[in-house]
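Here are my notes on the model you sent round. I've kept them as numbered points so you can check each one against the viewer.

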Amino acid sequence: MRDMKIERDGVTLHARLDGVDDTNAPTLVFANSLGTTLHMWDGIVPLLPDGLRIIRYDKRGHGQSDVPDGPYTMGALVSDAAAVCDAFTVKDALFVGLSVGGMIAQGLAVKRPDLIRAMVLSNTAAKIGNGPMWQDRIDAVLDKGLSSLADVTMQRWFSRDFLMSPQLKHWRDMLTSTPPAGYAGVCAAIAGTDFYTPTSGLRIPTLGIAGSEDGATPPDLVRETVDLIPGSQFSLMRRVGHLPCAEAPDAYAKILIDFIAATGHMTT
Ligand SMILES: O=C(O)CC1=CCC(=O)O1
């Protein structure tokens, strides 16, 4: 494991490399969701096959990355992801993005096709929510803090069963540890994003993953987005919500491993 600090546009981003530290190794890059850190993938990384180079990072405003003043733009989030990839000399990676991480994947695939050869769009869409909804959330978090949003957020993130589990506290703590300015900044970036047209032009192997109990990006919304890309695959996970990598890591890792095999990613 190797941690790295990457500076772009005066903002320091925190990234982590696991697995093989060799630029020639097949590479996976993970981008996580609003209100989470790169530790969102802690349950998945150990389940992936040997021989992969695995890179993940904290978005601006989250985890150990800097918290610049907002609002942020999707262009900045995509450029941050590109800077992380460039810092590790990534080429032709499999990019796995969940929620806003999946929006970043779509933007990066358009802007820097040299970086991505295939992508997983997990619990995401070309457009998530609408302007007034995000503005209400920005106002609430800046006024009353993230704790005020924690209960409703857990209900969007998790299935009914998981809401009763002792693991819930870990995820709730991750959310409430997020700096309010960072959370609000990313909300503004999501509010300003509609990738329907650019994503329709993408022609790379794509897998969509949805959770049957996802209260933020329901299965139909995820499917509508991945169907914009000809030849894409879609996997519906049952009895999980918006963060299936947290609720069902074994099943989630298996879906990724099958997609790695289907795209020939370990053999190139
Ligand atoms: O609403 C949520 O908390 C879920 C979510 C929407 C975009 C994202 O990244 O997470």
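The points below start with the whole chain and then go through some individual residues.

1. First, a reminder that this is a predicted model. The chain contains 11 helices and eight strands. Its radius of gyration is 17 Å, close to the 18 Å that the globule rule gives for 268 residues, so the chain is as compact as a globular protein of that length. If you want a feel for the dimensions, the C-alpha trace spans about 50 × 40 × 40 Å along its principal axes.

2. On packing, 57% of the 268 residues are buried. Of the contacts with a separation of 6 or more, 75% are between residues 24 or more positions apart. The accessible surface comes to about 10,600 Å², and carbon and sulfur atoms account for 52% of that. As for charge, the chain has 24 positive and 30 negative charges, and the mean positions of the two sets are 2 Å apart.

3. Have a look at Tyr 183, which sits in helix α7 (residues 180-191). With a relative accessible area of 1%, it counts as buried, because the cut-off is under 20%. What does its side chain pair with? It makes a polar contact of 2.8 Å with the side chain of Arg 137. Beyond four places in sequence, Tyr 183 touches a long list of residues, among them Leu 34, Gly 35, His 62, Val 141, Leu 149 and Arg 156. Try the distance to Val 67 too: the two residues are 116 apart in sequence, yet their C-alpha atoms are 9.3 Å apart in space.

4. Next, Thr 217, in the loop between β7 (206-211) and α9 (219-226). Is this loop residue buried or exposed? Thr 217 is buried, at a relative accessible area of 0%. Its side chain has two polar partners worth clicking on: the side chain of Asp 214, at 2.8 Å, and the backbone oxygen of Asn 123, at 3.0 Å. Leaving aside neighbours within four places in sequence, Thr 217 is in contact with Asn 123, Thr 124, Ile 128, Val 222 and His 242.

5. Then go to the segment after α11 (249-262), where you'll find Thr 263. Thr 263 has a relative accessible area of 17% and still counts as buried, because the limit is under 20%. Its side chain reaches back to the backbone oxygen of Phe 259, at 2.9 Å. Not counting residues up to four places away, Thr 263 touches Arg 117, Ala 118 and Pro 205.

6. His 265 lies in the segment after α11 as well. It is buried, with a relative accessible area of 1%. Which groups does the His 265 side chain meet? One is the backbone oxygen of Thr 27, 2.9 Å from a polar atom of that side chain, and another is the side chain of Arg 117, in a polar contact of 3.2 Å. Arg 117 therefore turns up in the contact lists of both Thr 263 and His 265, going by the contact cut-off of heavy atoms within 4.5 Å. Other contacts of His 265 include Pro 26, Leu 28, Ala 93, Leu 94 and Ile 260. Asp 92 is 173 residues away along the chain from His 265, with 9.3 Å between the C-alpha atoms.

7. Last, some backbone geometry to look over. Most residues other than glycine have a negative phi, and most peptide bonds are trans. The peptide bond from Gly 70 to Pro 71 is cis, with omega near -10°, and Pro 71 is in the loop between β4 (53-57) and α1 (74-87). Thr 89, in the loop between α1 and β5 (93-98), has a positive phi, near 50°. Ser 99 also has a positive phi, near 60°, and lies in the loop between β5 and α2 (100-111). Ser 99 is buried too, with a relative accessible area of 9%.

Notes. Residues are numbered from 1 along each chain as its sequence is written. This is a predicted model: local features need pLDDT of at least 70, side-chain atom pairs count only at pLDDT 80 or more; totals for chains, interfaces and linings use all residues. Side-chain values use heavy atoms; hydrogens and water are left out. Helices (H or I, at least four residues) and strands (E, at least two) are DSSP runs, numbered from the N terminus. The radius of gyration is taken over C-alpha atoms; the globule rule is 2.2 Å times the number of residues to the power 0.38. Buried means under 20% relative accessible area, exposed over 50%, partly exposed in between (1.4 Å probe, protein chains only). Accessible areas come from the Shrake-Rupley method with a 1.4 Å probe; for residues, only the protein chains shown count as cover. Lys and Arg count as positive and Asp and Glu as negative; His and the chain ends are not counted. The place of a charge is taken as NZ of Lys, CZ of Arg, CG of Asp or CD of Glu. A polar contact is a pair of N or O atoms within 3.5 Å; within protein, one must be able to donate a hydrogen and the other to accept it, and residues adjacent in sequence count only if both atoms are side-chain atoms.
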